[in-house]
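Please open the structure in your viewer and keep the sequence panel beside it. This tour moves from the whole chain to single residues, telling you at each stop what to select and what is there.

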Amino acid sequence: MVQPMPLTAFAVRASADEGDGESGGQNQVGVATKTRAKPKKPSQFKVLMLNDDYTPMEFVVLVLKRFFNMDLEQATRVMLHVHQKGVGVCGIFPYEIAETKVNQVMDFAKQNQHPLQCTLEKA
């Protein structure tokens with residue numbers, strides 16, 4: 001995480017011969033400040049798995065373990081939730097990671113000839 005930069009000040013002295021003619025030959029001091037905006041956290045997205053009547057439960061558990069780093073117990077719990085409720089959250093990630101995971105799951109399901117659907121939505 002990027003730490004915000006502290007407020008910094010720079011004193012600038014203008015000599016009489018560098019002035020704009022309005023100084024009357026007197027030294028002037030100006031302060032220039034520079035602030036940095038605090039970076040905001042990236043938006044988070046839920047990766048959702050949708051239930052279907054054709055993809056085997058074992059395959060869903062394999063996907064959850066492989067692409068979402070779940071252990072067998074957690075993957076089984078999520079798979080049963082998807083099976084019973086029709087949809088379940090696999091994880092919450094920044095957009096690019098969520099999009100990559102959705103694509104990985106969809107490609108893997110297609111390669112294995114399963115109609116498993118995975119999508120994302122803003123958390």
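Among contacts in the protein chain between residues at least 6 apart in sequence, what percentage join residues at least 24 apart? The figure is 65%, and you should keep in mind while you look around that this is a predicted model.

**The whole chain**

Begin with the protein chain in a cartoon view, where the secondary structure comes to three helices and five strands. If you follow the chain along the sequence, these elements appear in the pattern β-β-β-α-α-β-α-β. You can then colour the chain by accessibility, bearing in mind that 25% of its 123 residues count as buried.

**Helices H1 and H2**

Next, select helix H1, which covers residues 57–68, together with helix H2, which covers residues 72–85. Two packed helices are described by the angle between their axes and the distance between the axes. For H1 and H2 the angle is about 125 degrees, and the axes are 9 Å apart. The two helices are therefore oblique to each other, and their crossing is right-handed. To see the contact itself, show the side chains of Met57, Val60, Val61, Leu64 and Lys65 on H1, and those of Leu72, Ala75, Thr76, Val78, Met79 and His83 on H2. Sorted by class, the residues of this contact are eight nonpolar, two polar and one charged.

Stay with H2 and select methionine 79, which lies in this helix. Is methionine 79 buried or exposed? Its relative accessibility is 7%, and since buried means under 20%, methionine 79 counts as buried. Leaving aside residues up to four places away in sequence, methionine 79 touches Met57, Val60, Val61 and Leu64. If you draw a distance between the C-alpha atoms of methionine 79 and methionine 57, you should find 6.9 Å, although the two residues are 22 residues apart along the chain.

**Helices H1 and H3**

Keep H1 on the screen, hide H2, and add helix H3, which covers residues 95–111. The axes of H1 and H3 come within 11 Å and cross at roughly 140 degrees. These two helices are therefore oblique to each other, and H1 passes H3 in a right-handed crossing. The residues to display for this contact are Phe59, Leu62, Val63, Arg66, Phe67 and Phe68 of H1, with Lys101, Gln104, Val105, Phe108 and Ala109 of H3. By class, the contact of H1 with H3 has eight nonpolar residues, one polar residue and two charged residues.

**The salt bridges**

Now turn to charged side chains. Side chains of opposite charge can pair when their charged atoms come close. How many salt bridges does the structure hold? There are two, and each can be selected in turn.

For one of them, select glutamate 121 and lysine 46, whose side chains meet in a salt bridge with an N to O distance of 3.5 Å. Glutamate 121 lies in strand E5 (residues 117–122) and lysine 46 lies in strand E3 (residues 44–50), so the pair ties together parts that are 75 residues apart in sequence. Glutamate 121 counts as partly exposed at 37% relative accessibility, and lysine 46 counts as partly exposed at 25%.

For the other, return to H2 and select glutamate 73 and arginine 77, which form a salt bridge with their closest N and O atoms 3.2 Å apart. Because glutamate 73 and arginine 77 are four residues apart in helix H2, about one helical turn separates them. Both glutamate 73 and arginine 77 are exposed.

**Two loop residues**

Finish the tour in the loops, first with asparagine 69, which has its place in the loop between H1 and H2. Although asparagine 69 is not a glycine, its phi is positive, at about 55 degrees. With 69% relative accessibility, asparagine 69 counts as exposed.

Then move to the loop between H3 and E5, where glutamine 113 is found. Glutamine 113 is not a glycine either, yet it has a positive phi of about 60 degrees. The relative accessible area of glutamine 113 is 73%, and this residue is exposed.

Notes
Residues numbered from 1 in each chain as written. Predicted model: local features only at pLDDT ≥ 70, side-chain atom pairs only at ≥ 80, totals over all residues. Heavy atoms only, no water. Salt bridge = Lys/Arg side-chain N within 4 Å of Asp/Glu carboxyl O. Buried < 20%, exposed > 50% of the residue type's maximum accessible area, 1.4 Å probe, protein only. Axes fitted to C-alpha atoms, helices over the stretch in contact; angles between N-to-C directions. Parallel < 35°, antiparallel > 145°, perpendicular 65-115°, else oblique. Left-handed = near helix turned anticlockwise from the far one by under 90°. Contact = heavy atoms within 4.5 Å. Nonpolar A, V, L, I, M, F, W, Y, C, P; charged D, E, K, R; others polar.
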